[in-house]
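User: Please take one helix in this structure and look at it closely, then follow the packing and pairing outward from there. Plain wording will do.

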Amino acid sequence: MRPLRLACGVAAALLASACAATGPITTPTDAAQESAAPGYLAVADQALAPGGTLNVQVHIDSGAATGYDPQLADVATTWQLLSLSYETLVTVGPDFAIQPLLAEKWDTPDDRTYVFHLREGVTFSNGRKLTADDVVGSLKRLLASKSVWVGQLGPVDEIAKDGDGKVKVTLKEPYTPFLAALANVPAAILPMKEIDDKSVDPATTLLGTGPYVVEDHRQDVSWTFRRNDAYWNQGKPAADVLNITIAPEEAARIAALQNGGAALATLGNVDSESMLAGAADVKVVTQATTDFYYLMLNSLKPGSKLADPKVRQAINIALDTKQIAEVALGGKGEPTAVTPAGLPGSCDPAALPSAAKGPDEAKRLLAEAGAENLSFTLTIFNTEPAPAVAQVIQQNLQQAGITVKIEQMDEASWSGKVYGKAPAEFDAALSWFAGYADPGMVTKWWNPETAGFNAGFMRPDPALSAAIDAAGKEPAGAARDRALAEVCAQADADAQMIPLVTRPATVAFRTDALSPSLYATEGYGNVLRLVADARVKKSR
Amino acid sequence: MRKLDRLSIGGLACLLVLVLFALGSPAGAGGDPDAIVGPRLQPPGPGWWLGTDNLGRSVLPRVMEGVGTTLLLSSVAVLVTAVLSAAFGILAGYRGGYLNELVMRLVEVLYSFPAIVLAILVAAVLGPGQTAALASIVLVTIPLMTRLVRAAAVAVAQRDYVTSAVISGAGLPRVLVRHVLPNVAGTIAVQGTYALSVGIAVEGGLSFLGFGVQPPQASLGVLIQQGGTYMIAAPWLILGPGVVLVAAILAINVVGDGLRDRLEPRETRSLT
């Protein structure tokens, strides 16, 4: 009997310790996050000597499916990696302001013309000088490609050299998000001479003007970057070597942070900040992003009830985005409309028509559509916090009598199921969009003829598409805000893709090993945007 | 035959309590396991006696559902194992020859895989979910039970009453079902209890790794996996399912020992 008594004793002791455990977990508020400077979560200590090896861990090595051509990269996790070697004409600064990068300045003689003045002394990592021909060639190549980003560039009419070191882009009509569209990796400037003479294949080789060059890559295992010694920006990158380890398991990334195997890691669990609060020399920060989760309802699946606008509207009404933000994201996210919450000019999600209605209205709509006992499968990937978001959605829809079965899979399988066939075979799926730096940009994905990737499950809505185009033409100001409000209302009624909540980015770093720079906000899903500034305190 | 000892009766009582605990979930005791009932990550208190999880769900009904899922899944899998092992083991042991060689080599191939590796392999082929968990438990538990049933059948096949039945003209099915099966039933029952504890551990391991039962449905493995993430910050999440898992495996093993002593007394136990 001794083992049994011992087991009972241990169990009782554990139970007692649990009951006596600390009170409810508190989430540190944003105010508690040490703010190094306005717009920043952290600023690298420039007094530290440059050099050393920076070890980073992320959860996924995406890009293998489409290759490493930046123009064809279509997910934010790939953009993040490619941004280490490639650069764009312009970039985003704190608070989403468009800033110079390869273009040191630009003129806008009228609302359809942009003249970019290229920075002097920029070379590709093979030592060849960047020319205006590279810029013209890159943008023309992008427009001629099947890149999803073509739709974001807007109505480009002509791209031409405008004397030495200048490039002129003429638009067919005004397009407000143009500069913000140029700030993302698919609009990166490529070594066109080498691409044209086929000495470089951008699908397999990374050759850009960026701070790092690839030294080694093992798919789904690691990337090793070394500093581009010819980098134009003096003093950058600070770290000589950047190791990026792919660690899909969150626990592995947390362990690496705790044992010093990683100096910086991206985390998915919204409670990471609380869970690592006691870890020595580890600091966790949450970056506010314009990225947001959305629910896809497949209206093209034969025989599906989700093809009925009333059914989709009922689902939209039954969703409680406030609860999703509070429960699934631990209060770190916020409800959003199709224009990302947090961007100037975005719509108020509380003012959407669906927000004013409740489960009873959803039930009425379902009854009208003859779908009282609606049941469907929600396909999700298993990366946190998506499963938590899905489970709250399931609870929300249960209030309206809708039964949701959750189907969980890895990101590659999920992508194959959602985007692999047209018409797509899934009922509903959960994903997230980068929200970018202009509130009109992400709305373009609500037109499947522009986006392309969702044409397998989404029917074009002419009224919504027209509203999106109209908002793109309006210059920033009250008139554009009204145009965007119309887009939000139309997307809310269409409900083929339902915006849910913003997606916070959690980053943890070792304070004894690293002094990083991190913006407080991010629009393109790029946590490593300022990695060239990071100072390594000691190499492990 | 001996009576079950007090320890075995205690184990049986513990199992009974767990089964009743699990039956409470579909009956609505403890509340809806998926319902969001309060703030996130609250320690045990009124309204949520085992605390709340990271989605504000009460842990108590989730543990109740988890016990039910794990016990049901493991029991069904072990039943399938018992039927298949009895069929193959008895046939191989009684007939011998090529059939015996074929069954034993297949069993050895399965036996050569570490249990959790075999389970992950099955889950990778079938995809995560209950079917994968069930198939994994069957494949992990079938080799040992088949070997033991076959060994028992070899011994029984040489007994006089079997020879008499054959001489008196009984056909193969009758000999196997009427004369061999009843005499290896004790081995199947004893081994079934051990397989049940292995099944619970395999289900827990698979779900812990994300290949088994999928959320929001709770199983002990799913709950321990979720609790493990919050082990320092919210220990109550792992405590409930952890204690229940230990209790279930301990109780089943104790009952198994008791059954073995009752059905296969030491003096009659074969070492083959």
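Analyst: Helices are DSSP runs of H or I with at least four residues, strands are runs of E with at least two, and both are numbered from the N terminus. The expected span of a helix is 1.5 Å times one less than its number of residues. This is a predicted model, in which local features need pLDDT of at least 70 and side-chain atom pairs count only at pLDDT 80 or more, while totals for chains, interfaces and linings use all residues. Residues are numbered from 1 along each chain as its sequence is written, chains are lettered from A and ligands numbered from 1 in the order in which they are written, and side-chain values use heavy atoms, with hydrogens and water left out.

The helix chosen is α3 of chain A, residues 132-144. Its 13 residues reach 18 Å from the first C-alpha to the last, close to the expected 18 Å. Its buried residues (under 20% relative accessible area; over 50% is exposed, in between is partly exposed; 1.4 Å probe, protein chains only) are A:Ala132, A:Asp134, A:Val135, A:Val136, A:Gly137, A:Ser138, A:Leu139 and A:Leu142. The cover over these residues includes strands β6 (113-118), β7 (156-161) and β8 (166-171), together with helices α4 (150-153), α5 (178-182) and α6 (192-196), all in chain A.

One of these covering helices, α4 of chain A, holds A:Gln152. A:Gln152 counts as buried because its relative accessibility is 0%. Beyond its neighbours within four places in sequence, A:Gln152 is in contact (heavy atoms within 4.5 Å) with A:Tyr175, A:Ala181, A:Tyr436, A:Met441, A:Val442, A:Lys444 and A:Trp445.

Another covering helix, α6, leads to the loop between α6 and β9 (212-218) of chain A, where A:Asp201 lies. A:Asp201 has 40% relative accessibility and therefore counts as partly exposed. Its C-alpha is 9.3 Å from that of A:Tyr68, although the two are 133 residues apart in sequence.

A:Tyr68 brings in the aromatic pairs: rings of Phe, Tyr and Trp (its six-membered ring) with centres within 6.5 Å, stacked if the planes are under 30 degrees apart, edge-to-face if over 60, and tilted otherwise. There are 24 such pairs over all chains. A:Tyr68 pairs edge-to-face with A:Trp223, at 5.3 Å between centres and 85° between planes. This pair links distant parts of the chain, 155 residues apart: A:Tyr68 is in the loop between β2 (53-58) and α2 (76-82) of chain A, and A:Trp223 is in strand β10 (residues 222-227) of chain A. Both A:Tyr68 and A:Trp223 are buried.

Charged pairs come next. A salt bridge is a side-chain nitrogen of Lys or Arg within 4 Å of a carboxyl oxygen of Asp or Glu, and the count over all chains is 31. A:Glu250 bridges to A:Arg253, with the closest N and O atoms 3.7 Å apart. These two are separated by about one helical turn, because they are three residues apart in helix α7 (residues 250-259) of chain A. A:Glu250 is buried at 15% relative accessible area, and A:Arg253 is buried at 3%.

A:Arg510 bridges to A:Asp281 at 3.8 Å between the closest N and O atoms. This pair spans 229 residues, from strand β19 (residues 505-510) to the loop between α8 (272-275) and β13 (282-289), both of chain A. A:Arg510 is buried at 5% relative accessible area, whereas A:Asp281 is partly exposed at 37%. A:Arg510 also meets A:Asp512 in a salt bridge of 2.9 Å, N to O.
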